[in-house]
Amino acid sequence: MSGEKVNVVWLGSPTFPNAAHEALQDAQLRRNLKHATTTIRDKRLRAVAELDDWETLRLAGSQIKDRVMRHLDEYLLRLEASVTAAGGVVHWAEDAAAATRIVADLVRAQGTDEVVKVKSMATQEIGLNEALAADGITATETDLAELIVQLDDDRPSHILVPAIHRNRTEIRDIFRREMGKNGVPAPDGLTDEPRVLAEAARRHLREKFLRAKVAVSGANFACADTGTVGVVESEGNGRMCVTLPETLITVMGIEKVLPSFTDLEVFLQLLPRSSTAERMNPYTSLWTGVTPGDGPQEFHLILLDNGRSATLADREGRSALHCIRCSACLNVCPVYERTGGRSYGSVYPGPIGAVLTPQLVGVGSSEHADSLPFASTLCGACFDACPVRIDIPEMLVHLRAKVVDAHRQDRLPKPEALAMKGARVVFGSPRRLALAEKLGALGGRVAGIRGGRWLPGPARKWTAARDVPVPARESFRAWWRKAGRP
Amino acid sequence: MTNPEAKDRILARIRSALRDVPGEERPEDVAVTRDYRDSHVSADIVDLFVGRVEDYRATVTRVPEGQQVPAEIARILAERGVANLVVPPGFPEEWLAGYEGARLTDDPPLTAAELDASDGVVTLAAQGIALTGTIVLDAGPGQGRRALSLVPDLHLCVVRSSQVLPDVPPAVRALVPHRPTTFISGPSATSDIELDRVEGVHGPRTLEVLLVVDS
């Protein structure tokens, strides 16, 4: 990195256990999350079951991404050439600061101080709205959920449905309170019916769409062979942004490149069914550079690194970059379902966030990001749901080890490191193991008698949120010696 | 504006990160198994297309090629109260014979405000995808530039049955990549409020599909 701070994590975020502790006290949040995640989970299973070759598609998706990652430099150069040939301009941004500076300069060059935005993880990751605001440029989020979050000066809690933590009544209150301060106000007598709320958003934003000179988008994919860029969406705000303004600026993570246009046949099957659990999302826009007389006559593609090349260097962590941001892993995760997205303190929450965030910011560089690989029960549901077969559980274990390694030289090593050191002593000799087993059984009985389910000392923190099973009175090895021989 | 040094540094970092990849390995050497299905459809693709489009709560009307086409177009537009219709260049004149309201042609190009003030738009399509109930527009003749089928609140799309392809892979292969392309699957929708699907946000809130059955 060139020394600039990446923006993936929200500054000052507490570590996951502390944030989760707080989130778990919020009964409304837990109700909203449970409702939302169970609804989408069941729908996704139905959508996926319709395709009897789903596993084959997942495998192809994963292989295509593998091919891209192993030859990323070559594909990026091909993409640059294709986009340039089609009349677009390609920019390279090493980090968040570089990317936001390029966007701000481009907006200024158009003589405007407002932009409309399509929901985009990449622009959130680089804190684009805040950076533009500091430059006197107003960025308006046009995705309904992003609008809710932006009006409420809140943080998103889900990749796909950023306002998943809000219910309809809360949303109505936000619209009533905030819309008028930012443009067309909410109509009188606004109810909390989703249809009525969507109508209010349509009226509020339409005026901005029709006026906008510059739009900023992300990209779901970009095809290296043709230079075609694609945005997948539902509401039509994406179409508005990539069609109506004179200038379109697309910020794309370098890992989003696909080898060829025909690879869309795989991802346009995998993505909609995994994310919104639909056969196809309502709108997908594909554009290639600039088309005279149709849509923006100026197109800029910003290729963003921001920690991705560093992530690529870890062979076991590399495939986190395969992620197509569908959010299926969030919806199936028992931890996410209970704590919500904001506890992760990162733009990327849930299981994928737990492996992507620490890698993008660098393992060992933030106590908060280092806590994320531990925010999992390793149940494996995320791997089963992932449309590109990212082995998140395996990667979590790998990153846990890296976190522990990164802290070996600390004045106080991680408890995991101490525990493993102890385990080595115990497991190193049969005699010591037998003794430990006896002590364990005895200790368990003592704890059992006292009715407690806690461990003493530093392990107490571990048992604060978990029950310790009482060890068996007799170890397996002891039992085997007595009765085991057939 | 482009920054050649940033580009060189990013590429250098990527290459250094990929030291484990053998220098002689070509991208094509990384296997991609493409034995997924070309199509999941065995039934009649036109019937399936109609059913799937209707699943999105769009209205589908099926008519045989010929005299009934202009009559149905006129009926739909009248029922929807369209008196101010956007007509893209290349839309078959004879199909509008029964429509009596005003027409907005895109020559000179209509402004976004004029499109917003219209009652609806009628277009042709590039293709349909049966399995997913998708209509694909590629700005070809009778479809107009993208804004025409986006800003008006009603979109009447005329698809020929011979344009309907069974599934996503054949549809993608039939596309012309450099054309601005839009996949439309039902009217605009959101599930952002409690994951409760609401039809109609920013795109046309009403999607009418007229399927012309050609032999």
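**Helix packing, sheets and the interface of chains A and B**

In the predicted model, helices α3(A) and α12(A) cross in a left-handed sense. Helix α3 of chain A spans residues 54–70 and helix α12 of chain A spans residues 264–275; the axes of the two helices lie 10 Å apart and make an angle of about 120°. Because angles of 65 to 115 degrees count as roughly perpendicular and those over 145 as roughly antiparallel, α3(A) and α12(A) are classed as oblique to each other. On the α3(A) side, the contact is formed by A:Leu57, A:Arg58, A:Ala60, A:Gly61 and A:Ile64. The residues contributed by α12(A) are A:Val266, A:Phe267, A:Gln269 and A:Leu270. Sorted by class, the contact between α3(A) and α12(A) comprises six nonpolar residues, two polar residues and one charged residue.

Strand β7 of chain A, residues 247–253, has seven of its seven residues buried and is therefore largely enclosed by the rest of the structure. Both of its faces are covered. One side of β7(A) carries A:Thr247, A:Ile249, A:Val251 and A:Gly253, and the other carries A:Leu248, A:Thr250 and A:Met252, all of them buried. Strand β7(A) is paired with strand β4 of chain A (residues 214–217) through four bridges in the parallel sense. In this pairing, A:Ala215 has A:Leu248 of β7(A) as its bridge partner. Strand β7(A) is also joined to strand β10 of chain A (residues 298–304), by seven bridges, and these two strands run parallel. Here A:Thr250 is bridged to A:Leu301 of β10(A).

In chain B, six strands make up an open sheet with parallel pairing, in the order β1-β12-β7-β4-β2-β3. Strands β1 (59–64) and β3 (102–105) of chain B occupy the edges; each has a single partner strand, so one side of each is left without a neighbour in the sheet. From one strand to the next, the twist of this sheet averages 25°. Within the sheet, strand β7 of chain B (residues 154–160) and strand β12 of chain B (residues 206–213) run parallel and are joined by seven bridges. B:Arg160 is bridged to B:Val212 in β12(B). Helix α2 of chain B, residues 45–55, lies across β1 and β12 of chain B and runs at about 155° to β1(B). Helix α3 of chain B, residues 68–79, packs on the sheet as well, where it touches β1, β2 (84–87), β4 (120–124), β7 and β12 of chain B. The direction of α3(B) makes about 155° with that of β1(B).

Between the chains, 80 residues of chain A are in contact with 65 residues of chain B. On the side of chain A that touches chain B, α3(A) gives the most, with nine residues. By class, the residues on this side of chain A are 38 nonpolar, 24 polar and 18 charged. Helix α3(A) thus belongs to two contacts: with α12(A) and with chain B.

Strand pairing also links the two chains. Strand β9 of chain A (residues 283–288) and strand β9 of chain B (residues 181–184) are paired in the antiparallel sense over four bridges. A:Tyr283 is bridged to B:Ile184, and the bridge partner of A:Thr284 is B:Phe183. Strand β9(B) is covered on both faces, with B:Thr181 and B:Phe183 buried on one side and B:Thr182 and B:Ile184 buried on the other. Strand β9(B) is further joined by three bridges to strand β6 of chain B (residues 134–137), and the two run antiparallel. The bridge partner of B:Leu137 in β9(B) is B:Thr182.

These strands form part of an open sheet of eight strands, in the order β8(A)-β5(A)-β6(A)-β9(A)-β9(B)-β6(B)-β5(B)-β8(B), and the pairing in this sheet is mixed. Its edge strands are β8 (257–258) of chain A and β8 (164–165) of chain B, each of which pairs on one side only. At the chain A end, strand β5 of chain A (residues 221–223) pairs with β8(A) in the parallel sense over two bridges. In this pair, A:Ala222 is opposite A:Val257 of β8(A).

Terms used:
Residues are numbered from 1 along each chain as its sequence is written. Chains are lettered from A and ligands numbered from 1 in the order in which they are written. This is a predicted model: local features need pLDDT of at least 70, side-chain atom pairs count only at pLDDT 80 or more; totals for chains, interfaces and linings use all residues. Axes are lines fitted to C-alpha atoms, for helices over the stretch in contact, and angles run from 0 to 180 degrees between N-to-C directions. Angles under 35 degrees count as roughly parallel, over 145 as roughly antiparallel, 65 to 115 as roughly perpendicular and the rest as oblique. A crossing is left-handed if the near helix is turned anticlockwise from the far one by less than a right angle, and right-handed if clockwise. Two residues are in contact if their C-beta atoms, placed from the backbone, lie within 7 Å. Ala, Val, Leu, Ile, Met, Phe, Trp, Tyr, Cys and Pro count as nonpolar, Asp, Glu, Lys and Arg as charged, and the others, Gly among them, as polar. A residue is buried if 20 or more other C-beta atoms lie within 10 Å of its own, exposed if 12 or fewer, and partly exposed in between; C-beta atoms are placed from the backbone. Two strands pair if DSSP finds at least two bridges between them.
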